[in-house]
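Got the viewer open? Let's walk through this one together, one selection at a time.

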There are 2 protein chains.
Amino acid sequence: MSQLIATIKHLISIDEEEEAIIKSLFKPLELKAGDFFVEEGQVCRYVGFIEKGLVRYYMNDDGNHKTLYFNKEGEFVSNYQSFLPRNPSNTNIQAIEDTSLQVISFENLQRLYATVREGEKLGRLGIESVFVNSLEQLKSFYRDSPAERYRQFLHAYAELAQRIPQYYIASYVGIKPQSLSRIRKRLVSKAD
Amino acid sequence: MSQLIATIKHLISIDEEEEAIIKSLFKPLELKAGDFFVEEGQVCRYVGFIEKGLVRYYMNDDGNHKTLYFNKEGEFVSNYQSFLPRNPSNTNIQAIEDTSLQVISFENLQRLYATVREGEKLGRLGIESVFVNSLEQLKSFYRDSPAERYRQFLHAYAELAQRIPQYYIASYVGIKPQSLSRIRKRLVSKAD
DNA sequence: AGATTTCGTTCACCTGGGTTAACTAATGCA
DNA sequence: TGCATTAGTTAACCCAGGTGAACGAAATCT
């Protein structure tokens, strides 16, 4: 919980009273590896803050799982496209490892907006960062080859590369595991 | 201006007084074909509503222009990633045709939020729709081949295909003009 | 109208990711 | 502990898009 408060304090100023309110609005959630934070067809009921663990977003392309994103400890997780308008989700969010979260419901988030002075700002910053991430990822598809996207993934998530299976990384990069193997081989021979 | 009001009424309820306020907060802007709504490095100062004409978003990938999106009459246009946090834009928005807009500044948008009862909702719906579009586009890169993306473009923007040069469409689809020519030829031969 | 640039097409050749399949190593399970 | 499944690698072949160049048709300029 202290991690969550620290992260929020990086984004907005809160006093002790507000800190107490925020703490009362979140509740813990534990996911085992393989459990779902949201599943396709369900409405995403929470925004979660990951204290420990790792989740992946993926969509189902008849049978094929395409990995869209990862979130790790210290980050917020939600399908805002489902959470905000309260529509059924068209993507899945699944724990890759056993994962501990603090989650806030839609109703409690409205309370947070109403009672914490910079609450709305917090919400806005959260959405903005998700939005910017998705745009950056889109731009990367326009700009970069799969090999380059893999290189950037390693660069941006060096420590995660150990915890995420290759075939999820391949999927995130937009290619097949066999192709990622090939790319890795090419990178090693070009070793720098 | 009446187009703008009609579009807003599709999204939220406003009374006559609010309608008058909204009208007072927008001002007209005319762009000649080739003019910029925002240019890289500038802060995007407006959200615009296109009354007539057509714009494209593109990013500069050292010399290569990658087209990210199009907006036509009846749609809102802005680089929210620059407009909201008031950061310099990393993309360009350029008129493809002579374009007539009604634009609202950041300050006036805050006034709209403050004085129109469902103003905040209007803002939220606007952002949400842009966000959803960008996610759908990202998913399409994971799911679909360039040929399929072109097919979907024709389906979604049938009337625009006449007004947008091929090489912009190719760029939007994520391929070279030569490849788009090839794809078009394949589509014709498979004619259905 | 004539000259020039821009746009779209076609072609030949190249390249990198997809596919299928085989194999090994690691992991999970009984 | 041993067996079965899953994960990662390699290889051969295929194919769609990239590249560079050439060409004709439009659009633009003077």
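Start by selecting helix H6 (146–156) and helix H8 (177–189) of chain A, then add helix H7 (166–173) and helix H8 (177–189) of chain B: each supplies at least two residues of the surface near DNA strand C. Helices here are DSSP runs of H or I with at least four residues, numbered from the N terminus, and a residue is near a strand if one of its heavy atoms lies within 4 Å of it. Before you go on, note that this is a predicted model, where local features need pLDDT of at least 70 and side-chain atom pairs count only at pLDDT 80 or more, while totals for chains, interfaces and linings use all residues. Residues are numbered from 1 along each chain as written, chains are lettered from A and ligands numbered from 1 in written order, and side-chain values use heavy atoms, leaving out hydrogens and water.

Which helix gives the largest share of the surface near DNA strand C? That's H8(A), with five residues. Now show what lies around the strand: 17 residues surround DNA strand C, with A:Gln178, A:Ser179, A:Arg186, B:Tyr167 and B:Ser181 the closest. Zoom in on A:Arg186, where a side-chain N or O atom is 2.5 Å from a phosphate oxygen of DNA strand C. Then hop to B:Tyr167, which has a polar side-chain atom 2.4 Å from a phosphate oxygen of that strand. For a backbone example, pick A:Lys176: one of its backbone N or O atoms lies 3.1 Å from a phosphate oxygen of DNA strand C.

Next, select DNA strand D. Here H8(B) gives the most to the nearby surface, with five residues. Click A:Tyr167 and you'll find a polar side-chain atom 2.4 Å from a phosphate oxygen of DNA strand D; A:Ser181 places one 2.6 Å from a phosphate oxygen of this strand. B:Arg182 goes for a base instead, with a polar side-chain atom 2.9 Å from a base nitrogen of DNA strand D.

Now colour by chain. Rotating by 180 degrees, with 0.0 Å of shift along the axis, superposes chain A on chain B (RMSD 0.0 Å), using least squares on the C-alpha atoms of residues with pLDDT of at least 70 in both. That is the relation of a two-fold axis. To find the axis, select A:Leu138: in chain A, its C-alpha is the nearest, 2.7 Å away.

Last stop: A:Ile164. Leaving aside neighbours within four places in sequence, A:Ile164 is in contact (heavy atoms within 4.5 Å) with A:Leu54, A:Phe70, A:Ile96, A:Phe153 and A:Ile169.

Terms used:
A polar contact is a pair of N or O atoms within 3.5 Å; within protein, one must be able to donate a hydrogen and the other to accept it, and residues adjacent in sequence count only if both atoms are side-chain atoms.
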